[in-house]
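Please open the structure in a viewer and keep the sequence panel visible beside it. This tour proceeds by selections, and each stop states what is to be found there.

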Amino acid sequence: VRMEWQHALKRCKPIIPVVRLGDFPPPILSQLSPEPLDALDMRDDSHYADRLAHLVRQVSEPALPLAPLTNVPSVEAWYLERAEKRREVIHALTALGRENTVAICAINGLGGIGKSVLAALVARDCQTRRAFPDGIIFIEVGKKPKLVQRQAEFGALFGMTPDQFKEDLATNKALLRQAIGDRKVLVILDNIWNKDVVEALQCGADGVKFVVTTRLVNLADALGRAVRVDVLTPEEGGELILKRAELREDRRAACEDISRHLNGLTLAVRIAADKIRNDGIAPEAYLQRLKAAESPFEHLALADPDDPYADLNDPDANLAASLKVTYDDLNEAMQRRLRLLGVFAPNGTFDAAAVAAVWEEPVEEATKKLNIFVNLALAERDERGRYSQHSLLRAYARALARERGELDAAAARHFNYYLTRHSYGQPMDFVPHHAEITPDFENIQAALFWGFEHAPDRACLFTVSLDSGYMQFHQPYSVRRQLLEAAQQTEGQSVFAQANTLKSLGDLERLEANYPAARARYEAALRLFEAIPDRLGQAHTLQSLGELERREANYPAARARYEAALRLYEAIPSRLGQANTLQSLGDLERLEA
C-alpha cells in the first residue's frame, strides 16, 4: 500500500504540495485504496483536486476496527498473490445487493489451483474486515457435508447449542436468523460440490454474505457472482518457484519452463519448488526429471466409480508427475510413511502421537519425519502443532497404500490408537475430556466406521459411550444418528452391544420427540437385556421407558416402569440408579398433585 501511494502522490506533485506518507499512521494507510487515483485522467486538474479532497477526508478519519477472524487459515509468505483477483472478489462482495454470494471457481475445474488461498487473502484484507465488523468465518466443507452439523457449527459461533438443531433445515435456518440478528458477517465456504450447504446456511439474515470456493464452474454460476481463477501463467509460476526455492534471477527461464510443463497448477508448482529448494536441485535438472516421470495415477484407483462427484480422469497427470518425482526421491522408509498417512480422515487434523502409532515408531522420530514432509509440501502444520494433508495428497498416499496392501493394517492401528486414546470409562467420564476429543473427532469417526466392519463390539460400545458422554453435548442429532445407526446395522456384534446401541437410539428418538420410534427402540433393547440377562441394562431401559411415558402424560404407566426399574436397582444394588429413579418418582408425584 505504501509503495502504491508513493507512486500516486508523485503523479499529483505538479498540483499539490508533497505529502509525506510517513506522517500517516499505518492503520490509516491500510484503509486507503490506490485504485481511484490510478484511474485518474492526468489532464483533469479539477478531478485531481476532488480526489485529493477525498484523500484528505480519508486520512483525517479514525481507523475503523478490524473484524475478528474465525478459522481463517494463514497465508505463507511465499504465496504469489494475484492482486487483481483479490480486488475482483472484494469488489463483487462489497457490491452485492439482494444477492449474497460470490463464488470463486477454477476456470479449468482443477483442484490445488489456489482458490482456498485466494479466499483466505480476501478474508484477511483490511477492506473486507471493515466491511464485516462482526466477524469473518472460514468453514471447510468437502464433498458430502452433514447439513445439520454445519448449521449447528455455524450457530455455535452465535451462542447456540447443538441440541437446538433438529432434522428440519428450515426450522434451523429460522433459529439461525434470530441468533444472528443484525450482525454483519462474512462466511467463507471452502470446497463445495453442491449448493445444499450454502442454502442450509443462507438463513435470510441481511448482514450475512458468503464467499464460496468450488471446482465446478456451473455451480459457481448458479450460486451468484462468479470469479474465475485460472492456472498460473508460466511467468507467475516461475516467479513462485524463484521466491519459494530462493533462486537467483538467472534461473527464471528454467522455472518458467517447469511451470509451463506443470500446466500452471499451483499445488504442483509448489511441490516442485520445495523439491528444488530442499534437495538443491538445479531447476534445469528437475525439468528433465519431470519430463521423464511416469504418472502413478495410471494404475492407482484414486477415483471411486460409485462416487457421483468423481472424475475418473482426474487428478491431472502433471500433478502426478510432480508428486512422482518427490515420492521417488524419498527412501523406502519415508515412502512407506507417506503412504500410511492416507489412513487419516480427509477433513481432519492429527498430531504426531497419532502418526507415531500408525507408523509404529516413537513420537519424537515421527515428529522429525512429519516436519520433513512439511518442508517438502507433502503435509501442513498449523499453529497448534497439528498436521493435515491436502485432499489430493491424501488420495495419492491412500491409493499407494491400498496398492501395496498396507491400508487395512494401518487402519487397524489408527482405530486402536483413537479408541484407546479416548477410552475414558463410563459416559460421564468423557465430560472432562471434551476439549481433547473435539480436534480428533473427524479421525474418531473414520476409526469407528472402519471398526464397525472389523471390530464391531468394540466400535459399537465405544460409540454408545461417546454419544452419551460427548456427542449429546457437542454434535447435532444428525451426526449422532449417523454413527448410532451405523453401529446398530453392524453385523457380528454381541447381544450386549446391540442392546446398548438400541437404548441409545431410543434416547435420541425421545429427545427428538419421535415417541413411537423411541418406544420401539426401548422395547427391542429391553428384550435383548432380558435375554442375556443384564439387570443393569434392563433397569436403565425401564427408567427411560418411564421417562417416555411421563412425557406422553401416561402417569400410571410411568409409575409402573419406574417401580420396576427401582426393584432392579435395589437388587443389583446400584445406589446411583436408585437415587435417579426415586427422584423421577418424586417428579411424577408432583405432576399428579
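The stops below begin with the whole chain and then turn to individual helices, loops and residues.

**The whole chain**

Begin with the entire chain displayed as a cartoon, bearing in mind that this is a predicted model. The secondary structure comprises 29 helices and eight strands. Of the 593 residues in the chain, 50% are buried. Among contacts with a separation of 6 or more, 70% are between residues 24 or more positions apart.

**Helix α18 and its surroundings**

Select residues 352-359, which form helix α18. Is this helix largely enclosed by the rest of the structure, or open to the outside? Six of its eight residues are buried, so α18 is largely enclosed by the rest of the structure. Colour Ala352, Ala354, Val355, Ala356, Val358 and Trp359 to see the buried residues of α18. Then add α17 (332-340), α19 (363-375), β8 (387-388) and α21 (407-421), which are included in what covers those buried residues. Just after α18, select Glu360, which takes a positive phi of about 60 degrees.

**The largest nonpolar core**

Keep Trp359 in view and add Leu341, Phe344, Phe373, Leu448 and Leu466; these six residues have the most contacts inside the largest nonpolar core, which has 59 residues. Centre the view on Phe373. Beyond its neighbours within four places in sequence, Phe373 is in contact with Leu330, Met334, Arg337, Leu338, Leu341, Trp359, Leu378 and Ala379. Another core, of 30 residues, lies apart from the largest one, and includes Ile137, Phe154, Val187 and Val197.

**The loop before α18**

Next select Thr349, in the loop between α17 and α18. Thr349 has a relative accessibility of 18% and therefore counts as buried, the limit being under 20%. Which residues does Thr349 contact, leaving aside its neighbours within four places in sequence? They are Arg384, Arg386, Tyr387, Ser388, Pro439, Asp440 and Asn443. With Arg386, the side chain of Thr349 makes a polar contact of 2.8 Å. Asn443 is 94 residues from Thr349 along the chain, yet their C-alpha atoms are separated by 7.7 Å.

**Helices α24 and α25**

Move to α24 (residues 477-488) and display α25 with it; the two helices pack at an angle of about 150 degrees, with their axes 10 Å apart. They are therefore roughly antiparallel to each other, and their crossing is left-handed. To see where they meet, show side chains including Leu484 and Gln488 in α24, with Leu505 and Leu508 among those in α25.

Stay in α25, which spans residues 495-511, and select Lys503. Its relative accessibility of 14% means that Lys503 counts as buried. Not counting residues within four places in sequence, Lys503 is in contact with Tyr522, Ala525, His540, Thr541 and Ser544. The side chains of Lys503 and Ser544 are joined by a polar contact of 3.2 Å.

**Helices α27 and α29**

Select α27 (residues 535-551) and α29 (residues 575-592). How far apart are their axes, and at what angle do they pack? The axes are 11 Å apart, and the angle is about 15 degrees; α27 and α29 are therefore roughly parallel to each other. The crossing is left-handed. Gln543, Glu547 and Arg550 in α27 meet residues of α29, among them Asn580, Ser584 and Leu588.

Within α27, select Glu549. At 6% relative accessibility, Glu549 counts as buried. Setting aside residues up to four places away in sequence, Glu549 touches Arg519, Asn554, Ala557, Ala558 and Arg561.

**Two cis peptide bonds**

Inspect the backbone from Ile532 to Pro533, where the peptide bond is cis, with omega near -10 degrees. Pro533 belongs to the loop between α26 (515-531) and α27. Another cis bond, with omega near -10 degrees, runs from Ile572 to Pro573. Pro573 is in the loop between α28 (555-571) and α29.

**Two asparagines with positive phi**

Finish with Asn71, in the loop between β1 (69-70) and α5 (83-94), and Asn191, in strand β4 (residues 185-192). Phi is near 65 degrees in Asn71, and near 65 degrees in Asn191. Asn71, at 61% relative accessibility, counts as exposed, whereas Asn191, at 27%, counts as partly exposed.

How values were computed:
Residues numbered from 1 in each chain as written. Predicted model: local features only at pLDDT ≥ 70, side-chain atom pairs only at ≥ 80, totals over all residues. Heavy atoms only, no water. Buried < 20%, exposed > 50% of the residue type's maximum accessible area, 1.4 Å probe, protein only. Helix = DSSP H or I, 4+ residues; strand = E, 2+ residues; numbered from the N terminus. Contact = heavy atoms within 4.5 Å. Core = buried A, V, L, I, M, F, W, Y, C linked by side-chain atoms within 4.5 Å. Polar contact = N/O pair within 3.5 Å; in protein donor to acceptor, adjacent residues only side chain to side chain. Axes fitted to C-alpha atoms, helices over the stretch in contact; angles between N-to-C directions. Parallel < 35°, antiparallel > 145°, perpendicular 65-115°, else oblique. Left-handed = near helix turned anticlockwise from the far one by under 90°.
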